[in-house]
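Thanks for sending this one over. Here are my notes, in numbered points, to read alongside the model.

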Amino acid sequence: MYPNLYLLVRDWFGADWKGLRFINMFGFMVALAFIAAAIVIGSELKRKSKEGLLHYQEEKITVGKPVGLAELLVNFLLGFLLGYKIVGAFFSNPEGDIQQFIFSLQGNWVAGISLGLLFAGLKWREANKQKLAKPEERIIRVWPHDRVGDIIILGALFGFIGAKIFDNLENWDRFIKDPLGNLISPSGLTFYGGLICAALAIWWYAKKHNIGFWHLNDAAAPSLMLAYAVGRMGCQVSGDGVSLATGDQFQQQLLNNKDFFVRQFESLDKVKHLSFKGFSFLPDWFFAYTYPHNVNKEGVPLPNCNWGEYCNVLPLPVFPTPLYEIIACLILFGIIWMLRKKFKVAGTLFGFYLFINGIERFLIEKIRVNTKYEALPFQPTQAEIISALLVITGIVLMVYLPRRGRKAVSY
């Protein structure tokens, strides 16, 4: 496992670039997931615009204005922060937790001021090129695919907020012990929380800019499935996620590591275990993996480890559920991509996405360890409740939207 890019580069190439500790592997893969989502949703929005399903919006802009002092200051501050912290992390090789470095006053003043002046200078140069003797007002056409950047930023921001909120609600006991630490931790994200909050933010944005909501959802369906698969790669690489324990020496390992399991599950009786014999043509780690050096720092100490704070390994192997979801979601992405043009009614492709996504997550929850709502019938987890609702919502959309369209035509 590689919690950050520094450990990967050091392990693979022997390079001791401590500044790379700033790049969390999970966050790195999430960034790639958003890039993949932007490419796919942009392609789909362009296709729908060419088919006449989406339309442009006219906006009035002023061109030729000289750059204002406020704009220069904002660009300088942005460049300064990037240089002071990001570049500073590479040159100062900070020791200790990288989060402590980010929230401290440490940094590189030369890099901060230099990058700040560069950003401000580039902004002034760009504005000066377009400067006119007399500024003009012009009407431009903005197509939905021109707004992909805004959509992705909204999705990323509110997706992260929602994922953290739902994760902390699901693990309330853990949250109240260290509220700040859990809020800023790069691990501990609930996908469905992110999906719900991001969907609400994008719905507001689509309504504001007169983008067909259901067509936008259909364009987002394949990108959401692909982004989830890529994001789960980050979970697998960094070792984030908890699954059922598996292995032949369960009871012995349980007793040998009693303190760890009592801390995690409150009682040894609550530790879930499943005996499973994997297929002979697949490696053992495909069914039973111990996640050494995991980002959550869970498990027991590894002997002779020089990975700093990431020197733990799970005492019992678990199912690598992120790996299963990577494979499943890549396959489901392929299915959605191949069938996307066959869904003629706006919103039904998104309904299909909700349906298969809900089934996939509901099934994977059966071999994951999550907090159960014991007061409810069947004691479901938060993800099981939401995934069941998504399956029902998907079915409703696939049935209701075509009927609504036929009723409108009949009148």
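1. Let me start with α2 and α10, which pass each other in a right-handed crossing. This is a predicted model, and in it the axes of helix α2 (residues 25–50) and α10 come within 8 Å and cross at roughly 160°. Because angles over 145 degrees count as roughly antiparallel, α2 is roughly antiparallel to α10. Sorted by class, the contact of α2 with α10 has 20 nonpolar, five polar and three charged residues.

2. Staying with α2, a residue worth a click is L45, which lies in that helix. Is L45 buried or exposed? With a relative accessible area of 0%, L45 is buried. Leaving aside neighbours within four places in sequence, L45 is in contact with L54, P144, H145, V148, L216 and A219. L45 also makes a nice example of sequence distance against space: L45 and R147 are 102 residues apart in sequence, and their C-alpha atoms are 9.8 Å apart.

3. Next, please look at α10 with helix α13 (residues 321–339). Their axes come within 8 Å and cross at roughly 160°, so α10 and α13 are roughly antiparallel to each other. The handedness of this crossing is left-handed. On the α10 side, the residues that meet α13 are A221, P222, M225, L226, Y228, A229, R232, M233, C235 and Q236. Facing them in α13 are T321, P322, L323, E325, I326, C329, L330, L332, F333, I336 and W337. This contact divides into 17 nonpolar, two polar and two charged residues.

4. There is also α10 with α14 to consider. The axes of helix α10 (residues 213–238) and helix α14 (residues 348–364) come within 7 Å and cross at roughly 30°. That makes α10 roughly parallel to α14, since angles under 35 degrees count as roughly parallel. The crossing of α10 past α14 is left-handed. From α10, the contact takes in W214, N217, D218, A221, L224, M225 and Y228; from α14, it takes in T348, L349, F350, Y353, I356, N357, E360 and R361. By class, the contact of α10 with α14 comes to nine nonpolar, three polar and three charged residues.

5. Two backbone angles deserve a look. Most residues other than glycine have a negative phi. In N210, phi is near 55°, a positive value in a residue other than glycine. N210 sits in the loop between α9 (191–208) and α10, and N210 is exposed, with a relative accessible area of 61%.

6. The second such angle belongs to H293, which is not a glycine but has a positive phi of about 60°. Where is H293? You will find H293 in the loop between α12 (258–265) and β3 (300–301). Unlike the loop residue in my previous point, which is exposed, H293 counts as buried, at 12% relative accessibility.

7. Two further helix residues may interest you. V87 belongs to helix α3 (residues 69–92) and is partly exposed, with a relative accessible area of 27%. Leaving aside neighbours within four places in sequence, V87 is in contact with L82 and A111. V87 and G112 are 25 residues apart in sequence, with 7.9 Å between their C-alpha atoms.

8. The other one is A388, in helix α15 (residues 382–410). A388 is partly exposed too, with a relative accessible area of 31%. From C-alpha to C-alpha, A388 and L354 are 9.8 Å apart, and they are 34 residues apart in sequence.

9. Finally, the overall picture. The protein chain holds 15 helices and four strands. Of its 411 residues, 44% count as buried. Among contacts in the protein chain with a separation of 6 or more, 75% come from residues 24 or more positions apart. The protein chain exposes about 23100 Å², and carbon and sulfur atoms supply 65% of that area.

Key
Residues numbered from 1 in each chain as written. Predicted model: local features only at pLDDT ≥ 70, side-chain atom pairs only at ≥ 80, totals over all residues. Heavy atoms only, no water. Axes fitted to C-alpha atoms, helices over the stretch in contact; angles between N-to-C directions. Helix = DSSP H or I, 4+ residues; strand = E, 2+ residues; numbered from the N terminus. Parallel < 35°, antiparallel > 145°, perpendicular 65-115°, else oblique. Left-handed = near helix turned anticlockwise from the far one by under 90°. Contact = heavy atoms within 4.5 Å. Nonpolar A, V, L, I, M, F, W, Y, C, P; charged D, E, K, R; others polar. Buried < 20%, exposed > 50% of the residue type's maximum accessible area, 1.4 Å probe, protein only. Areas by Shrake-Rupley, 256 points an atom, 1.4 Å probe, with all protein chains shown as cover.
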